[in-house]
Amino acid sequence: MNSKEIINKTITFVKQTLADAEGGHDWFHTERVYKNALLISKNEPADIFVVALGALLHDIADSKFHNGDETIGPKIARQFLADLNIKPNVVEHVVNIIENISFKGGNEAQKFSSLELDVVQDADRLDAIGAIGIARTFNYGGFKNRPLYNPDIKPNLGMSKEAYKASTAPTINHFYEKLLLLKDKMNTETGKQIAKERHQFMETFLNQFYREWGNS
Ligand code: ADP
Ligand code: NI
């Protein structure tokens, strides 16, 4: 099988696997991340094949939707790629991307680094901010039955991975705990550029939200 056929097979597999996924972590999220990853790759000397597979498989089994199990996504991806007879070093690299892409509160040390991880991570982070980021965040909050906002519950920075995952805080807090921090965590120049505008849009959204909340 050539690269194009492998990518097409992967797309079909991901679409099937994510058929019933939560709206913020579904095939369309993966598709947006895939497209942004390819866009960013135009300005980086990255291995496009690894970037494409990493982007397509990065949320194949998010631990949030699998009782916190962080091993299931990498396991499914590894099996899928091995069955296609892909070179072991490519499989390893893609699995490393999936294992290390997540934010997890932002206070965990990342255990693996590569340009290809940087690219896919930026693409995933871009989809977490801006108008789509806002939509995804409230969708997830609704999925978890979280309040939109509660002025008495303050955001908690400095959370451990465990506390971040277990948080039941209002959805607005997630802006301060993650979304507004992402602009300064972008890896690539292209990612930084796109993040700037999306970040500003979130600031505008929050200002309007508080004005309406305060009836002004
Ligand atoms: P990461 O694995 O990098 O932490 P996630 O998959 O947890 O990323 O988050 C992806 C998106 O899901 C977030 O950008 C946000 O839109 C939504 N999300 C995740 N956790 C929360 C939360 N606690 N409150 C609201 N939205 C959330
Ligand atoms: Ni993602």
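Asn145 sits in the loop that runs between helix H7 (130-143) and helix H8 (161-166). It's a good place to start in this predicted model, since Asn145 has a positive phi of about 55° although it is not a glycine. Asn145 is also exposed, with a relative accessible area of 68%. A second residue fits a similar description: Asn67, not a glycine either, has a positive phi of about 50°. Asn67 belongs to the loop between helix H3 (48-57) and helix H4 (72-83). With a relative accessibility of 83%, Asn67 counts as exposed.

The loop between H3 and H4 is also home to Asp62. Here the surroundings change, because Asp62 has a relative accessibility of 13% and so counts as buried, the cut-off being under 20%. The side chain of Asp62 keeps some polar company: one of its polar atoms lies 2.8 Å from the backbone nitrogen of Lys64. Asp62 also turns up beside the ligand, where a polar atom of its side chain is 3.4 Å from an oxygen atom of ligand 1.

That brings the ligand into the picture. There are 15 residues around ligand 1, and those that come nearest are Lys64, Ser102, Phe103, Thr137 and Lys178. For Lys64, a polar side-chain atom lies 2.5 Å from an oxygen atom of ligand 1. So Lys64 shows up twice, because its backbone nitrogen is the one lying 2.8 Å from a polar side-chain atom of Asp62, while its side chain has the 2.5 Å approach to a ligand 1 oxygen. Thr137 joins in as well, with an N or O atom of its side chain 2.7 Å from an oxygen atom of ligand 1.Next come the aromatic rings. A search of the whole structure finds 13 aromatic pairs. One of them is formed by Phe205 and Phe209, whose rings are tilted, at 6.0 Å centre to centre and with 45° between the planes. How are these two placed along the chain? Phe205 and Phe209 are four residues apart in helix H10 (residues 189-213), which means that about one helical turn separates them. As for accessibility, Phe205 is partly exposed, at a relative accessible area of 24%, and Phe209 counts as buried at 14%. The pair also belongs to a wider group: Phe138, Tyr149, Phe175, Phe205, Phe209, Tyr210 and Trp213 form one aromatic cluster.

Empty space is worth a look too. The second largest pocket has a volume of about 180 Å³. This pocket is lined by 14 residues, and the closest to its centre are Thr17, Leu18, Ala21, Phe65 and His66. Sorted by class, the lining of the second largest pocket is made up of seven nonpolar, three polar and four charged residues.

A few pairs of residues help to show how the chain is laid out in space. Gly73, whose place is in helix H4, is buried, with a relative accessible area of 3%. Gly73 and Ala61 are 12 residues apart in sequence, and their C-alpha atoms are 4.3 Å apart in space. Another pair starts in helix H5 (residues 88-100), where His93 is found. His93 counts as buried at 18% relative accessibility. Between His93 and Leu117 there are 8.7 Å from C-alpha to C-alpha, with the two residues 24 apart along the chain. The last pair involves Ile132, which lies in helix H7 and counts as partly exposed at 36% relative accessibility. Ile132 and Gln110 are 22 residues apart along the chain, and 26 Å separates their C-alpha atoms.

Methods. Residues are numbered from 1 along each chain as its sequence is written. Chains are lettered from A and ligands numbered from 1 in the order in which they are written. This is a predicted model: local features need pLDDT of at least 70, side-chain atom pairs count only at pLDDT 80 or more; totals for chains, interfaces and linings use all residues. Side-chain values use heavy atoms; hydrogens and water are left out. On a 1 Å grid over the protein atoms alone, a cavity is a set of points where a 1.4 Å probe fits but cannot get out, and a pocket is an open set with protein on both sides within 12 Å along at least five of seven lines; lining residues have an atom within 4 Å of a point. Grid points are joined across faces, edges and corners, and a volume is the space filled by probe spheres set on the points. Ala, Val, Leu, Ile, Met, Phe, Trp, Tyr, Cys and Pro count as nonpolar, Asp, Glu, Lys and Arg as charged, and the others, Gly among them, as polar. Rings of Phe, Tyr and Trp (its six-membered ring) pair if their centres lie within 6.5 Å; planes under 30 degrees apart count as stacked, over 60 as edge-to-face and the rest as tilted. Helices (H or I, at least four residues) and strands (E, at least two) are DSSP runs, numbered from the N terminus. Buried means under 20% relative accessible area, exposed over 50%, partly exposed in between (1.4 Å probe, protein chains only). A residue is near a molecule or strand if one of its heavy atoms lies within 4 Å of it. A polar contact is a pair of N or O atoms within 3.5 Å; within protein, one must be able to donate a hydrogen and the other to accept it, and residues adjacent in sequence count only if both atoms are side-chain atoms.
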